[in-house]
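The report below follows one helix, the loops beside it and a contact between domains. Please keep the sequence and the model in view while reading.

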Amino acid sequence: MDFKLTEEQLMIRKAARDFAINSCLDGVIERDEKQLFPIEQVKQLADLGFLGMMVGEAYGGSGLDTISYVIAMEEISKVDASTSVCMSVNNSLVCWGLEHYGTADQKEKYLKPLAQGKLNGELYIGAFLLSEPEAGSDATSQHTNAEDKGDYYLLNGTKNWITNGSSASVYLVMAQTDHSKGSKGINTFIVEKNWPGVKVGPKENKMGIRGSDTHSISFIDVKVPKENQVGENGAGFQFAMKTLAGGRIGIAAQALGIASGAFERSVAYAKERKAFGKEIGQHQAIQFKLADMATRIEASRILCFKAAWEKDNGMDYAVSSSMAKVFASETAMWVTTEAVQVHGGYGYVKEYHVERMMRDAKITQIYEGTSEVQRIVIGRAVLK
Ligand code: CAA
């Protein structure tokens, strides 16, 4: 077992850290308050090669391992979780799915620009459309319908809480093609946002990750050419589950980063703020909080690396990614709440960042499978 990062992974960490501090920190509070999508930051992610980190170089990606992805996600999420979720969805849910299940033509046409984050000099990212008003955790209950019309499918329905909803150019859409077959009657399709019948709903007014671009998307008689079907007939639900297993590593790393960001701010504050004649870090009440934060964060990091390592080594990583996500997201919620407590009154105001981190942490327990869904995956595996 080797816990040492490679030279390449250390370089990725430095590049991600520099990007977060130099390009994300400034304006992060304003973007949160005004719900502004971090467009400049996402364009820079494209320039850094961070939007298709794990995609092979033949398809315009950076060809890096999943550990490097976890490292970059942690560093960026320490500062700006709205930017990092955009990166995570594009990498894990969109590019990974297309690279592993797409046809050669789909990879050429869609994966290349998605991995580079650009087409003809314009931002080009994707979104993953599984959730519906009545199909969140219960993801097999799809109402979005794709009717086979011969040389195309006719798509109708509504998807909810879609990250990158209005900024994405391409959607990966799961839809029911045969209701009698349940989870085996779902297909995956590539749909372009500017096709007739695609309607982007208003931006959700969220508690956290307010810069991220979350919308509902409706399809009214959208004609999807057959060549835009990804994978086999009826394999859409398995596609979603396989893709989400990797996505959950990205969100676990995001949670890890939110927790580490709040922790670093708490340590700095504990060394500076004085109460009862000494720095608050010299009081055991604060010292013990910092010790518990450091321990839980380290455990989260190890779980993230383990899931990433299993993925990179061709092993089944669905259970370890659920373990990483449930543990890291609950750690993020706990650490950020304690970080506000360590900061006292200052923690409750925006300038000190930790209140935003506490709001941002909450979504990591919900999206890409709630903590309860992760426990279903883990619980079923341990009882098998
Ligand atoms: N890999 C391959 N196949 C899988 C699988 C996996 N990891 N997990 C399940 N399947 C298969 C099962 O084997 C089963 O096939 P069989 O019928 O042949 O056995 C089929 O899929 C149905 O599976 P289940 O019977 O386990 O289905 P279920 O209804 O009990 O649901 C669940 C299981 C784990 C709760 C699942 O529905 C789930 O993960 N729900 C949460 C969905 C989710 O994470 N949504 C997030 C939305 S995306 C998002 O948030 C993106 C964003 O924008 C940030």
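In α6, a kink of about 40° lies at Y110, shortly before the proline P113, where the bend at a residue is the angle between axes fitted to the seven residues ending there and the seven starting there. This is a predicted model, in which local features need pLDDT of at least 70 and side-chain atom pairs count only at pLDDT 80 or more, while totals for chains, interfaces and linings use all residues. Residues are numbered from 1 along each chain as its sequence is written, and side-chain values use heavy atoms, with hydrogens and water left out.

Helix α6 covers residues 104-116, and its 13 residues reach 17 Å from the first C-alpha to the last, close to the 18 Å expected at 1.5 Å a residue; the expected span is 1.5 Å times one less than the number of residues. Helices (H or I, at least four residues) and strands (E, at least two) are DSSP runs, numbered from the N terminus. Just after α6, G117 takes a positive phi of about 75°.

The buried residues of α6 (buried means under 20% relative accessible area with a 1.4 Å probe, protein chains only) are Q106, K107, Y110, L111, P113, L114 and A115. They pack against α5 (81-101) and against the strands β1 (118-119), β3 (126-129), β6 (170-176), β7 (186-192) and β10 (229-230), contact meaning heavy atoms within 4.5 Å.

Two buried loop residues have contacts that include members of this helix, and the contacts listed leave aside neighbours within four places in sequence.

| Residue | Loop | Relative accessible area | Contacts |
|---|---|---|---|
| G102 | between α5 and α6 | 15% | G97, K107, V230 |
| N228 | between β9 (214-225) and β10 | 4% | Q106, Y110, T188, F189, I190, W195 |

The C-alpha atoms of G102 and T66, which are 36 residues apart along the chain, are separated by 20 Å.

On the scale of the chain, the domain assignment, which is automatic or from a database, gives domain 1 (7-123), domain 2 (126-234) and domain 3 (237-382). The contact between domain 2 and domain 3 takes 17 residues from the former and 14 residues from the latter, and their centres, taken over C-alpha atoms, are separated by 30 Å. The area buried between them is about 1200 Å², of which carbon and sulfur atoms give 72%; buried area is the accessible area (1.4 Å probe) that two parts lose on being put together, summed over both. F128, M207 and I209 supply 39% of the area that domain 2 buries against domain 3, more than any other three residues.

Notes: Buried means under 20% relative accessible area, exposed over 50%, partly exposed in between (1.4 Å probe, protein chains only).
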